[in-house]
Amino acid sequence: METASSQQQAIVDRLAPDHGAKSNMRKQLDDLLFGSIAGLVGKFVEYPFDTVKVRLQTQSLSKPKYSGPLDCIMQTVKQHGIKDLYRGMSSPLVGSMIENAALFVGYKQVQRMIRDVSATPEQRKQYAEQGIVDEDLQSLSLSQLILAGTISGAFTSIVLTPVELIKCKLQVQQHGGQGLVHFRGPLHIITHTFQQNGLAGFYRGHLATFIRECGGGAFWFGSYEYVCMLFMRHREKQIGNPVFKKDLSAQELMAAGAIGGMSYNFSFFPFDVVKSHMQTEEELTGVKRRFGQVVKSLWQGAGIRGFYQGCGITVARSAPTSAIIFMTYELLSRHFG
């Protein structure tokens, strides 16, 4: 009886009116800022590994230059110095801030829309009058959270495709043949791409990016939320009181984020390989192929193995990167949101 009473009191405390409740616009601005900072921090950790991944993905299948991730790192550092692993970082650094801002804003906003659609008129009135913050509302189901992640990924792909195109062209340009354009930096790529192909040129590889981000968003957020739920259930059994995500430790958030990152990168990795080929082959070979042609070429050249070049290092680097991104976002939201 005492335990039930304490549980009820905990819920009442959580749902106490918040007269300083923020507007939806303010919440979106918070998500935008916190997502941007999380993306910035994560990109510094991730970028060298991303450079290695792209170079492994786009090397010749018949005459590969690198035998694996470690060989790629060793050759790059020996020939060009460690700074070459950060080649073209300025664009993706900004892009990562935009990407994560878009992902978290979209993810949270879709959750609010789902909650608004599924709520009764009485519940909507209660939420408005009491000013309950998102974290204290009843959690959505895992399927609803996965749906929110999918929709968020779809919108993010629109922003991400041009950013990744610039990043990939800079990362592989030193491997191109004679006579191909040598880009001086992101601005040079932007002007060259627009002059040659117009606005559509920035969306080369968008279909592959769209599929990757839709499915990846579902796995990224879905896996993260599922692991967080497991942590919360475990702690509830231990203490006998309701546990919310805001009660999880930084280590638990990082563990959930790491699993989310690995799930995202492994699940739709073949589409990432196709995207990288489409966005770099003009510089490497002087040809431009469509989505289906690239898929056919990869299959004929190396079978299923061709779709997983660079997968190991990608999944490995995604663990610390996503761990840092989710922890940074959640802690910023917890303390400043």
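Start with the whole chain in cartoon view: twelve helices and zero strands. The model is a predicted one. Following the chain along its sequence gives the pattern α-α-α-α-α-α-α-α-α-α-α-α.

Next, show the surface of the chain. The accessible area is about 16500 Å², and carbon and sulfur atoms account for 63% of that area. Of the 337 residues in the chain, 49% are buried.

Now turn to contacts within the chain. Among those with a separation of 6 or more, 80% join residues that lie 24 or more positions apart.

For a single example of packing, select residues 206–239, which form helix H8, and residues 311–336, which form helix H12. Hide the rest of the chain. The axes of H8 and H12 are 13 Å apart, and the two helices pack at an angle of about 65 degrees. Angles of 65 to 115 degrees count as roughly perpendicular, so H8 and H12 are roughly perpendicular to each other. Their crossing is right-handed.

Which residues of H8 and H12 make the contact? Show side chains for Trp220, Phe221 and Tyr224 on H8, then for Ser322, Ile325, Phe326 and Glu330 on H12. Colour these residues by class to see what kinds meet here: the contact of H8 with H12 has five nonpolar residues, one polar residue and one charged residue.

To finish, bring back the full chain and find H8 and H12 again among its twelve helices.

How values were computed:
Residues are numbered from 1 along each chain as its sequence is written. This is a predicted model: local features need pLDDT of at least 70, side-chain atom pairs count only at pLDDT 80 or more; totals for chains, interfaces and linings use all residues. Side-chain values use heavy atoms; hydrogens and water are left out. Axes are lines fitted to C-alpha atoms, for helices over the stretch in contact, and angles run from 0 to 180 degrees between N-to-C directions. Helices (H or I, at least four residues) and strands (E, at least two) are DSSP runs, numbered from the N terminus. Angles under 35 degrees count as roughly parallel, over 145 as roughly antiparallel, 65 to 115 as roughly perpendicular and the rest as oblique. A crossing is left-handed if the near helix is turned anticlockwise from the far one by less than a right angle, and right-handed if clockwise. Contact means heavy atoms within 4.5 Å. Ala, Val, Leu, Ile, Met, Phe, Trp, Tyr, Cys and Pro count as nonpolar, Asp, Glu, Lys and Arg as charged, and the others, Gly among them, as polar. Buried means under 20% relative accessible area, exposed over 50%, partly exposed in between (1.4 Å probe, protein chains only). Accessible areas come from the Shrake-Rupley method with a 1.4 Å probe; for residues, only the protein chains shown count as cover.
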